[in-house]
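Welcome, and please take a moment to look over the chain from end to end. The paragraphs below will walk you through it one region at a time.

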Amino acid sequence: MEGFVAGLDELLNNLATAQDSEVIRNATSALNSQFYSSANCVPGLVEIITRSPHFQVRQLAAVELRKRISKWWFDVPDETKANVRAQLLQIVLNEPQELVRHCVARVISSIARIDVEENKWPELLTFLNQACESANYIHREVGSYCLYTLFEVISEVFMSHAAALYQLFNKAIVDPESKNVRVTTVLTLGKLAELIDVDDKENIKMFAAMVPSIVNVLEQCLKESDEENAAKIFEVFDTMLMVETPLLSNHLADLIRFFLQVGGNRELEDSIRVMALSFLMWAAIYKQNKIRSLKLVGFMVEHLMPVGTEADPEDVDDDSPSRLSYKVLNALSSNMPPQQVFPIIMPMVLSYMQNPDPNFRKAAMMAFAVTIEGCAEYMSTRMHELLPLVSSGLQDPEIIVRRAACMALGCLAEELPTEISEHHQALLPLVFNLMSDTNPEVTKHACNALDAILEGLGDDVLQYLPMLMEKLLYLLDNASQTETKATVMAAIGSAAHASGENFQPYFGQIMPRIHHMMSLKETDDDTLLRGVATDSAGAIAEAVGKEQFRPFAQDLMNLAIEQLHFDSPRLRECSYAFFSISARVFGEEFAPYLPTVMPPILASCRAEEKNEPELDAEIDLTLGDGDDDEDDFNVFNFNSAIADEKEFAADALGELFESTGPQFLPYVETSVQELVGLCEHLFDGVRKAATGSLFAFLKTFYNLADHGEWIAGLPVKYPVDENVKGMTSLVMPSIVRMWQEEDDRMVVVQICQELIQALKLMGPSIVADHLDEVAQLCLNIFEKKSVCQQDFDDEDYVDEEEEAESEQLLISATSDLVVALCEVIGENFSSYFDIFLPLIAKYYKKTRTSPERSMAVGCLGECIIGIKSAVTPHTERLLHIFLKACEDEDNLVRSNATFALGMLVSQSQIDLSSQYPTILQALHPIFQDQSFQNATDNATGAVARLILAHPDAVPLDQVLPVMTSALPLKVDFAENEPVFECLFQLFRSNNAFVVGHIPQFLQIFTMVLSDEEQLTESTRNQLIELIRALHAQSPALNIASSDLARFL
């Protein structure tokens, strides 16, 4: 054994002092083959830790020993084990070097993981107790560190002695001599926080009592500028926030004040302040209910805004206090109801915009920009107040303010494209002006804002296109910054997307530049430009169409295929998007490329998101304290660029099948396997893409099959193709399982939207085997029980009617799905509707937002279309809601209410004719003010349905002149069905009013028939028959010499 130890010692000495990689490689190889291949390495390494005079060798020996325990400990003889255990406890107390003590403590924990459970090391707990209580502070440091490392492996042993443990912690956290003891105790409490059960009230109480002491230790570290230990304690606070157990609730207000104070203290290092502000960001996410109940939003905003006035670092990727303050504001606006954030932030924004200091004006614009995402719907009705603010920022004399204003405008355009595009005449001249700014940063951000605006501009872009393209092409050729060129290229793609075939005049100028950029391959800048050029090539192909794009298609496809083999997830992502668009443009002509593009797409779906290890990873010369236990899963070793690539790959699968149809069939089985697996991916973007593609596969199979119209109701009453059945049986269980476990609201919104589209296309067959599950999942959302609605601090739930906008989107999407289920299941869905009705109806209250109220009324009205007479038991309740909603201050609510009233009257089996005076009185104001055309069209349809149901109950001589004044319908042509059915009935019965106003009706008929979109084929044919009958009865009407003559 002595010779074994001597040889081992020599190699470890060589390794610890080696400078040459070849020496390291040889020594490592010899250690692995000659020494680490038997259990003797365990006592041998212990011997070296005991007697080596070189601390580097002792430390390396301890690191190596920890790795060998899991493999060889079971083969070590019991007597030797006992000696090793005893030696290690002595070594860890007597070792003079702290790092070596830490490494030995890790060895002790590795052995304890195996032995303590079998009660083979009873001395360990006695040792710990004595060391922690020792009069020697070094021994106390050893005891506290051993306790910390052991907590990771035998926590259940400690949890069974909780009272004694807290007694020990309470003493250690105020250790009078050793900061190490105090800090290590905090770190151990961080481990303990993860173990306390959410229902363990006693443990929660004892832990919560220690929170002020943890703050004291952090304060000491901050005073001493001990950034390393402060960072560790900040991590503990982040852990306490994120665990489900409410450990911080009683102290949250004080903690938020303290962290705001630290975050705002300019005398502290920026890195410290960033960590404090980061805690506040997580608090806004994980403790949103508690922050709301404590009414801390205003207090937080007031203290965050001044931090935002500080200078931002040049590198956009660097964190700083100012940038973190914006992130906290973004988290508050995204997780709180907009009513509780926007009215607090905006007065400060307006005040800061008046400040002569440009840093304040910059902070105002940035605070506004980061608030948009969470308050977009709330802001949408206030654009007249907000746009002058943005315009002012865009024209500010200072660069930093103009740049921030461009970012704010970009955010507005992204979140509210319709509202922003309505104001293009005021905004685009300002943006064009900034594109000529002397500062390249402003130019870049102006192009970013332009890019966002163009996305939603549509045909309105045409008036700007000549000047816009002249500016963009000039910047593309002359901009000094690569990032500016990339942004310009993206804006060209957006201009093509917005202008469609009108982009053709610029095609010849831009395509050589695209080809050039897609050929770049040398530097990181080249990669950036190549990627954006690939994106824009796709947008241009879709805009100009396949015939004009065809001459460039082959070359650009080759370049897109070439870049799949570069070491760049971003370029692969761009290629997959380009393939998707090319397939859409060229359809089955794209099929010959499938054998080339499908293998890399499927490989990307399977790719590991782990970062690649270093070349010499097998040689571990880490002489740290071994805190990264080899058994710990390193969750941070995650490459998000590969996840983005995977998202685009998953999305491409659905696009390629939809576009190439039967040619894609050989790839279906493998693709579906990959997509089902990706439904459980860590990144929400990947899960969304997988969901979209699975539904695309389902719909494509349906479109490829021979199918007639589906029939509402279950069991299924129409033939379903076997391939469609097979795909449904693969897709739907995966989607249901995913939905049941999904924790992201927007992913659930997508599932609802995809399911709605599939139901409308394919009918009830896709939910035939899953109706109860889907209905229950919808019910969970209305009852706030869905996984994606579970806030991290449910114990602090605030029962308020104000909700975050993401929650409103979720409820709206679920309501739309309930409507679709009513439509495809029909009256059979009535038992579910009975449950849903009160849950949807509660969103019609004055205290709810306009979008919520209109959603509730619209949803209930559309449900009636599907369940038909099954609405009868709810007639009285719904009539009350709809009549009340007709008086609502919001146009859309009134519009939905008028439609719903008409549906209720036409479908309920209860005779509502006695209510007609009340209903007509509710509808009358909408005819008086016809400015909101949707409401007028719906009211006209409602009156028609009232007449059809009970013509004798309507005072036709008073009602028909009013109804006719709204004809022809202007927007909602679906209402032409009841309107014309009513008119046909009135003509058939020779109603005095219609007979007396035939010329007026002929004018209406002329306008309606001039637009083929306005009537269904059946109604159009009936109308033409009526015109022919009128002509035959009354030649004096001169129909033969009118525009209607072509129908005679």
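Let us begin with a turn in the backbone: Pro968 sits in the loop between α47 (956–965) and α48 (976–988). Keep in mind that this is a predicted model, and that every value here is computed from it. The peptide bond leading from Leu967 into Pro968 is cis, with omega near -5°. Another cis bond joins Leu714 to Pro715, where omega is near 0°. Pro715 belongs to the loop between α36 (684–704) and α37 (722–741).

From the backbone we can move to the domains. The protein is divided into domain 1, covering 705–825, and domain 2, covering 843–966. Their C-alpha centres lie 28 Å apart. How many residues of domain 1 are in contact with domain 2? Eleven residues of domain 1 meet twelve residues of domain 2.

Now look inside. In soluble globular proteins, nonpolar side chains tend to be buried together. Here the largest nonpolar core holds 390 residues, and the members that touch the most others are Phe237, Phe368, Phe579, Trp739 and Phe1005. Helix α21 (residues 358–379) gives this core its largest share, with 13 residues. Domain 1 and domain 2 each supply at least three residues to the core as well. To see one of these hubs close up, find Phe237. Leaving aside residues up to four places away in sequence, Phe237 touches Val211, Ile214, Val215 and Leu218, and also Leu248, Leu255, Phe259 and Phe279.

Next, turn to a pair of helices. Helix α16 (residues 270–286) packs against helix α19 (residues 321–335) at an angle of about 5°, and their axes are 8 Å apart. Angles under 35 degrees count as roughly parallel, so α16 and α19 are roughly parallel to each other. On the α16 side, the residues making the contact include Val274, Leu277, Met281 and Ile285. From α19, the contributors include Leu324, Val328, Ala331 and Leu332.

Further along the chain there is an annotation to explore. An unreviewed UniProt entry places the feature "repeat: HEAT" at residues 386–424, 427–465 and 510–552. In the span 386–424, 82% is helix and 0% is strand, and the end C-alpha atoms lie 14 Å apart. For the span 427–465, helix makes up 67% and strand 0%, with the end C-alpha atoms 15 Å apart.

A few single residues round off the tour. Asn119 has a phi near 55°, a positive value in a residue other than glycine. You will find Asn119 in the loop between α6 (98–115) and α7 (123–133). Is Asn119 buried or exposed? Asn119 has a relative accessible area of 60%, and residues over 50% count as exposed, so Asn119 is exposed.

Asn1038 also has a positive phi, of about 60°, although it is not a glycine. Asn1038 is located in the segment after α51 (1017–1033). With a relative accessible area of 48%, Asn1038 is partly exposed.

Last comes Phe683, in the loop between α35 (668–678) and α36. Phe683 has a relative accessible area of 26%, so it counts as partly exposed. Although Phe683 and Ala643 are 40 residues apart along the chain, their C-alpha atoms are separated by 7.0 Å.

Key: Residues are numbered from 1 along each chain as its sequence is written. This is a predicted model: local features need pLDDT of at least 70, side-chain atom pairs count only at pLDDT 80 or more; totals for chains, interfaces and linings use all residues. Side-chain values use heavy atoms; hydrogens and water are left out. A nonpolar core is a set of buried Ala, Val, Leu, Ile, Met, Phe, Trp, Tyr and Cys residues joined through side-chain atoms within 4.5 Å. Buried means under 20% relative accessible area, exposed over 50%, partly exposed in between (1.4 Å probe, protein chains only). Helices (H or I, at least four residues) and strands (E, at least two) are DSSP runs, numbered from the N terminus. Domain bounds come from an automatic or database domain assignment. Contact means heavy atoms within 4.5 Å. UniProt positions are given in the numbering used here, feature names are shortened, and annotations may be inferred rather than shown by experiment. Axes are lines fitted to C-alpha atoms, for helices over the stretch in contact, and angles run from 0 to 180 degrees between N-to-C directions. Angles under 35 degrees count as roughly parallel, over 145 as roughly antiparallel, 65 to 115 as roughly perpendicular and the rest as oblique.
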